[in-house]
Amino acid sequence: MGDLRVNEQVVLAAKPTPLVVSGGSGKARDQAGERFRAMFDNAPVAMALCDSFTGAVYDANVSCLGIVGRTLAQLQLQGWMSITHPDDLAENLELVGRLCRGELSSFCMTKRLLRPDNSVIFVNLSCRAIEL
């Protein structure tokens, strides 16, 4: 299997509902969006916004893309389930299911991700369901 790296951090936000923007004035909403975008893009921790049900990746920051070794377009095409090590997928899906059913407000797990060069990387995943 290629090289093995440990203790990278990935934070995924499960997205169980469609994106809806409401409230506030247009300018205030735009400014809030710009602040969020700057924090997301420049965060020292990896973050991705994903759909829990389909595995689709909507967005990921540079830190996340570096860990998974993919461009955003590649990650969006593949989704998070396909880059999760097969031996970790069942546990990950069980926890995501519990999160989506409201049984958990968040969860953390150590899991393996498959990189394009066939190496395996261990990550500490923190996941929380959010509604936008």
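Four helices and five strands make up the chain, here shown as a predicted model. Their order along the sequence is β-α-β-β-α-α-α-β-β. Of the 132 residues in the chain, 36% are buried.

**Overall packing**

- Among contacts in the chain with a separation of 6 or more, 54% are between residues 24 or more positions apart.
- The exposed area of the chain is about 7,500 Å², and carbon and sulfur atoms contribute 58% of that area.

**The largest nonpolar core**

- In soluble globular proteins, nonpolar side chains tend to be buried together.
- The largest nonpolar core of this chain contains 23 residues, and those touching the most other members are Ala60, Cys64, Leu75, Phe107 and Leu113.
- At least two residues of this core come from each of the strands β2 (46-50), β3 (57-60), β4 (106-114) and β5 (120-129), and likewise from each of the helices α2 (62-68), α3 (72-83) and α4 (86-100).

**Strands β2 and β3**

- Strand β2 is largely enclosed by the rest of the structure, because four of its five residues are buried.
- Strands β2 and β3 run antiparallel and are joined by three bridges.
- Leu49 lies opposite Asp59 of β3.
- Six residues separate the two strands in the hairpin of β2 and β3, where Gly55 adopts a positive phi near 85°.

**Helix α4**

- Helix α4 comprises 15 residues and spans 21 Å between its first and last C-alpha, close to the 21 Å expected at 1.5 Å a residue.
- An α-helix has 3.6 residues a turn, so residues three or four places apart point the same way.
- The buried residues of α4 are Asp88, Asn92, Leu95, Val96, Gly97 and Leu99.
- Gly102, just after α4, has a positive phi of about 85°.

**Strands β4 and β5**

- The pairing of β4 with β5 is antiparallel and extends over nine bridges.
- Phe107, one of the core residues that touch the most other members, has Cys127 in β5 as its bridge partner.
- The hairpin of β4 and β5 has five residues between the strands, and Asn118 in this hairpin takes a positive phi near 75°.

**Points to inspect in the model**

- For the core, Ala60, Cys64, Leu75, Phe107 and Leu113 touch the most other members.
- For the backbone, residues with positive phi include Gly55 in the hairpin of β2 and β3, Gly102 just after α4, and Asn118 in the hairpin of β4 and β5.

Notes
Residues numbered from 1 in each chain as written. Predicted model: local features only at pLDDT ≥ 70, side-chain atom pairs only at ≥ 80, totals over all residues. Heavy atoms only, no water. Core = buried A, V, L, I, M, F, W, Y, C linked by side-chain atoms within 4.5 Å. Buried < 20%, exposed > 50% of the residue type's maximum accessible area, 1.4 Å probe, protein only. Expected span 1.5 Å × (residues − 1). Pairing = 2+ DSSP bridges. Contact = heavy atoms within 4.5 Å. Areas by Shrake-Rupley, 256 points an atom, 1.4 Å probe, with all protein chains shown as cover.
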